[in-house]
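Me: Hi! Could you walk me through this structure? I'll throw questions at you as we go.

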Amino acid sequence: MTLVGVELRRIAMPLVSPFRTSFGTQTTRDIVLVRAVTDQAEGWGECVAMTDPRYSAEYVDGAVDVLSRFLVPALAARDTLDAVSVAPALAGFKGHRMAKAALETAVLDAELRALGRPLARELGAVRDRVPCGVSVGITDSIGELLDTVDGYLDAGYLRIKLKIQPGWDVEPVRAVRERFGDEVLLQVDANTAYTVADGRRLAALDPFGLLLIEQPLDEEDVLGHAELAKTVRTPICLDESITSARAAAAAIRLGACAIVNIKPGRVGGYLEARRVHDVCVAHGVPVWCGGMLESGLGRAANVALAALPGFTLPGDTSASDRYYRTDITDPFVLDGGHLAVPAGPGIGVEPLPDELAAVTTESRWLRR
């Protein structure tokens, strides 16, 4: 293909309810969409960076800047283009994996649309529907938490993930177990809120039969996670620490994790996400697909990834109405605790023009 140009479109999508984690509360999702226009087709990618650099070092304004000044010009300088060539073309620029992932996904989507091939099949999917879990933010009270979990279980979600932080960990987990029983698949996510010194506190979660404790320590403290894994019976899952297939292999070898959360934006795109999956499968480590409050564009690609064989745990691939009253694509609807894998070419969905226009706050066109 030949790149004609790239549109960077910024949108603001109000959340159904505030989403609170250990690093802050979100009420609106600020998203950069990337539309790659080629001589054969066009494709979409979604940047999962947040407004502020709290989940990771990346943030939305920085993503727009690096895409505009460096990443898109680097691709525009190439005579021909395909998805496999994107990462090598951008390798000279350090970091910015979320911005790179959005651009690579847009090119990959365009390439697959031109070829008439679905992303799921291209990645190696083995299922046409995937089991879904839901992430439950920190609430103001135990009672509110229990009502929220009750609603998600009634909706059919197959796994509940509770966000935790120091002072909001053992008691909410105990309350959920007492109310809903041991049969509910339950896990917790700390988003790096603890230190190795909190090992005893985290070990207090062991009696509750959790699937995993996700990213309890700082993203750079891989050795600390290995030490924690020796004292906590609940399996340790890494999220923020896994930035590539190489990082996953090192963490597994060190004994820092027994499970891996794969987020394509965090590792630089869906091609690298597939490599992380392959590394984990080779080591017998289960994986699941994390979420970053994506719109329908990002959710479609995540569902395709979650259909690969190594994804043996329900992911954060929730239905559209978990976060948004109105999505920018046809909504993803939960059916028996599962979402259907898009079967159309590329990511398999298109933005709805009216809905997209309604939430657009800025758009810029970068011509080759």
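Me: How many residues of strand β2 are buried?

Reply: In this predicted model, 11 of the 15 residues of β2 (residues 24-38) are buried, so the strand is mostly covered.

Me: Which strands does β2 pair with, and in what sense?

Reply: β1 pairs with β2 in the antiparallel sense, over 14 bridges. Strand β3 (residues 42-47) also runs antiparallel to β2, joined by 6 bridges.

Me: And how many residues sit between the strands of each hairpin?

Reply: The β1-β2 hairpin has 2 residues between its strands, and the β2-β3 hairpin has 3.

Me: Can you give me a residue on each side to look at?

Reply: Sure. Phe 19 stands opposite Gln 26 in β2, and Val 32 has Cys 47 in β3 as its bridge partner.

Me: Let's stay with Phe 19. Which residue does it form an aromatic pair with?

Reply: The structure holds 5 aromatic pairs. One of them is Phe 19 with Tyr 323, edge-to-face, at 6.1 Å centre to centre and 90° between the planes.

Me: Where do those two lie in the chain?

Reply: Phe 19 is in strand β1 (residues 3-21), while Tyr 323 is in the loop between α12 (296-305) and β12 (338-340), so this pair ties together parts that are 304 residues apart in sequence.

Me: Are they buried or exposed?

Reply: Phe 19 counts as buried because its relative accessibility is 5%, under the 20% cut-off. Tyr 323 also has 5% relative accessibility and counts as buried.

Me: What else does Tyr 323 pair with?

Reply: Tyr 323 forms a tilted pair with Tyr 324, at 6.3 Å centre to centre and 55° between the planes. Tyr 324 counts as buried at 2% relative accessibility. Ring pairs thus link Phe 19, Tyr 323 and Tyr 324 into a cluster.

Me: Nice. New topic: what is the strand order in the open sheet of 7 strands?

Reply: The order is β5-β6-β7-β8-β9-β10-β11, and the pairing is parallel.

Me: Which strands stand at the edges?

Reply: Those are β5 (133-136) and β11 (287-289). Each has a single partner strand, so one side of each is left without a neighbour in the sheet.

Me: How many bridges join β9 to β10?

Reply: There are 2 bridges between β9 (residues 236-238) and β10 (residues 259-262), which run parallel. Leu 238 has Val 260 in β10 as its bridge partner.

Me: Over to pockets. How much space lies in the largest pocket?

Reply: About 420 Å³. It is lined by 18 residues, and the closest to its centre are Ala 87, Arg 97, Lys 100, Val 267 and Gly 268.

Me: Which elements give two or more residues to that lining?

Reply: α2 (86-90), α3 (97-115) and α11 do.

Me: Tell me about α11, then. How far does it reach?

Reply: Helix α11 (residues 270-282) has 13 residues and reaches 18 Å from first C-alpha to last, close to the 18 Å expected at 1.5 Å a residue. Its buried residues include Tyr 270, Leu 271, Val 276 and His 277.

Me: What follows α11?

Reply: Gly 284 follows α11, with a positive phi near 70°.

Me: Last one: what sits over the ring of Trp 288?

Reply: The charged end of Arg 159 does, 5.4 Å from the centre of the ring.

Methods
Residues numbered from 1 in each chain as written. Predicted model: local features only at pLDDT ≥ 70, side-chain atom pairs only at ≥ 80, totals over all residues. Heavy atoms only, no water. Helix = DSSP H or I, 4+ residues; strand = E, 2+ residues; numbered from the N terminus. Expected span 1.5 Å × (residues − 1). Buried < 20%, exposed > 50% of the residue type's maximum accessible area, 1.4 Å probe, protein only. Phe/Tyr/Trp six-rings, centres within 6.5 Å; stacked < 30°, edge-to-face > 60°. Lys NZ or Arg CZ within 6 Å of the ring centre and 35° of its normal. Pairing = 2+ DSSP bridges. 1 Å grid on protein atoms, 1.4 Å probe; cavity = no way out; pocket = protein on both sides within 12 Å on 5 of 7 lines; lining within 4 Å. Points joined across faces, edges and corners; volume = space filled by probe spheres on them.
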